[in-house]
Amino acid sequence: MLNRNWNKRQKGLAIYVMFCIIWCIFRIAAGKDCFMDAALYGISSGTEEGVVIGEHTSVDTEFTATVDQIEGFSVFYYDNDQIFTDEKLHFQVYVGDSRIPVRECEMDLALQTDATTVFLTCPLSGIRDKKITVHIDGEGLRGSQGPRLAVTENEVEKSKLSVNGNRKDYVLHFSVSYPVYSRNIPMKVVESIGLILAGFLIFGLCCMGEISTEKRTFRKTNGICKKKACEKKKVTAGVLSGYGVTMLVTLAILEFTYSNTVKESWMKTMFLILAVLILITVSFLYYGCVFRKWKADKLFFTALLLWGTMYAGVLTMYSVPDEPSHIDTAYRISNCMLGIKDSGVSHTLYKRYDDIDPNPTEKTDVSEDSYQQLYEEIFSSCENAKLTETYVRNNLGNAPEICYYAPAFGITVGRLLGMGRLPMLLLGRLCSLLAAALMMYFGVKKLPFGKSIFYVIGLLPITLQEIMSFSYDSFLIGLSYLFAGYFLSWIYGKEKLRIEESIMLLVSLMLLAVAKGGVYMPLVGLVFLYPLRGGSENRKKRMVFCTGVCIMAVLAYVVQNPTILARLGITGSGAGGTGSVSGVQAMYSLSYIIRHPLKMIRVFENTLYEKLDIYLSGILGGRLGWLNIHISWYVLTGFVILLVLAVLAGKRNALLNEKKECVWVLFLCAASVFLVFLSMLVAGTPQGEKIVLGVQGRYFLPVFGIALAAIPTGKGIYVKLESQSILFASVMLQVLTVSQILLAVL
């Protein structure tokens, strides 16, 4: 029986659980079919040939629909060296043999550049096994001025291309998008069960006395102590000489970089600004570390913000892997913040005219041109804010929507202030940096041991690149710090977590578990350290709690990835079949892996043999940008030394000492690493490849810190080294890293 003398927090939690039950009943009662996901299947793939749309050229492409419902088409074209003003392409869609178009629309060519994918919004239903004809012609084109539509050999059944009525032996590079729907009621049931279970788990911990329900009191500092704490420190000769040596080293690195990179006059101004910012950053951090004796957590947060801002300028826009698609996703959420109605199609959205960049993938490399664009447009304003529908990519299937809230907020503020495209996107980057830095700060603040390990990982080049970008990796890295801090504090800390802290722990764990297709799901198993701590009292109840957390993680994963239910036939099927893809090699599948286990073992062996050094370099930051900016190993070796020192220094206060606990933690981290390889094997590796393709070192960052904290080093093996010293050494290595980036690019 529970004690009837509940305090206010316990009563409030009970009211919350009752509210959840009532709210879920209403949610289930209001369940309707909803759009869940979108998939693409290719009618063909492009070649070097093409059909030029000109003044007297029209194109008809025909295919037989293999699905019952579609939402639009994608057309690809290239070899467009012309500059368009008022010219347009017209699209007409016919169903069956009728010559009355069911859909007509146009495309403004002034918005398009070479190698552009154009999405045509065209929702149609009830079309399975019917002939679909798309007619394309131009307006205002002169001669053969129009774009060249990409084509391919005719390898797809029931597809053909006609130019001015003449049948050709190839078809357009053409894709069809079809929606997949989920029945809302089963999904809401799953969501409701997870929400109610979360409330009962927290409530159960309160009843077992594992969570503090009392207000935490803080001892006030009297005036005398406060005055002593704020007394001005004496500047010693050692402090001044140390600062002088630091400045000389920094100036020497900057002078060497200047002499080998700066060529143009505008570059001198830009490099001067960067050099001043670096000198101010190093001086400010030296002041806080050596003179003011800041706490390591505060110094870490400051270093993240200052160096992250530096990286946002040095690694220009689109230079972070997959950043163009992440920007599109954040822009979609920004539209929701501004109350702009969505286009209703997963592959299009409304953007300001000036914000449309038809082909950002050509600008992914950091170069002299990208620096010049930054120099010229850093303070630009928006001249044409007309909302225009444009083709985009959507990454919400890989991560929860909350991962994009911070950069979306930056985009929203930039649009409200009338900023140009580049300053608006830079503001989005800075908001992403601030959100990640705050989560990392509060995470390390809660750590009971091993803080130095997380300090060094947070200041690795790859970490700074990711947290200042639009990528959802920024939010995931912050989440991993929050989870590590609150989890280790919960298991090994001296004080019990409060209710709000336990909720933060569960939320960070659930969000980590559902991201990137669930590759970090094994981290949920860390909660089973909870029953191992302490005596046998309440061990069964603790096991029940851990099982409940695992069930809740599975439910959260199903809600975030609802196509799993659709494939199992629980939530209804999609609008049609998957269609056929011509010329596309089949990927490895789970069934293939199960049937050929020995081949898969050999693939993993080959991958580790050929790529292990690349993965180690990648997780340290040896391959920045789109893996094309190489940082020398003498810089990376410095970070390796700091990580080793951090691990040894952290063992002085380590509480994770029992072998069975260390083995369990390392096993779960290894399971996450294996799932990363398995996901890329299934998602991006064609059958017949001897290695797993697409794996990058940054994918391992969320488990890197916890794994290092669990490494057993033996009793009594540690070094006496302050966290501030390790932190400032990481700061000085950043000067070398920025120099390496400029030398590699310029």
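**View 1. Leu338 and a nonpolar surface patch.** Leu338 is partly exposed in this predicted model, its relative accessible area being 31%, and the residue is found in the loop between helix H7 (323-337) and strand S14 (348-352). Together with Met337, Ile402, Tyr405, Phe409 and Leu416, Leu338 forms a nonpolar patch on the surface, for which the accessible area adds up to about 550 Å². Helix H9 (residues 405-416) supplies the largest share of this nonpolar patch, namely three residues.

**View 2. The aromatic pair of Phe301 and Tyr441.** The count of aromatic pairs comes to 25. Phe301 and Tyr441 form a tilted pair, with 5.4 Å from centre to centre and 50 degrees between the planes. This pair links distant parts of the chain, since Phe301 belongs to helix H6 (residues 296-314) and Tyr441 to helix H10 (residues 421-446), 140 residues apart. Phe301 counts as buried because its relative accessibility, 18%, falls under 20%, and Tyr441 is likewise buried, with a relative accessible area of 18%.

**View 3. The aromatic pair of Tyr530 and Phe545.** The ring centres of Tyr530 and Phe545 lie 5.7 Å apart and the planes stand at 75 degrees, so the pair is edge-to-face. Tyr530 in helix H15 (residues 529-532) and Phe545 in helix H16 (residues 539-560) are 15 residues apart. Tyr530 is buried at a relative accessible area of 4%, and Phe545 counts as buried at 6% relative accessibility. Ring pairs link these two residues with Phe483, Phe487 and Trp490 into a cluster.

**View 4. Arginines over tyrosine rings.** The charged end of Arg542 sits over the ring of Tyr530, at 4.9 Å from its centre, while Arg99 lies over the face of Tyr94, 4.3 Å from the ring centre.

Conventions:
Residues numbered from 1 in each chain as written. Predicted model: local features only at pLDDT ≥ 70, side-chain atom pairs only at ≥ 80, totals over all residues. Heavy atoms only, no water. Patch = residues over 30% accessible without salt bridge, like charges linked within 9 Å, V, L, I, M, F, W, Y side chains within 5 Å. Areas by Shrake-Rupley, 256 points an atom, 1.4 Å probe, with all protein chains shown as cover. Salt bridge = Lys/Arg side-chain N within 4 Å of Asp/Glu carboxyl O. Helix = DSSP H or I, 4+ residues; strand = E, 2+ residues; numbered from the N terminus. Buried < 20%, exposed > 50% of the residue type's maximum accessible area, 1.4 Å probe, protein only. Phe/Tyr/Trp six-rings, centres within 6.5 Å; stacked < 30°, edge-to-face > 60°. Lys NZ or Arg CZ within 6 Å of the ring centre and 35° of its normal.
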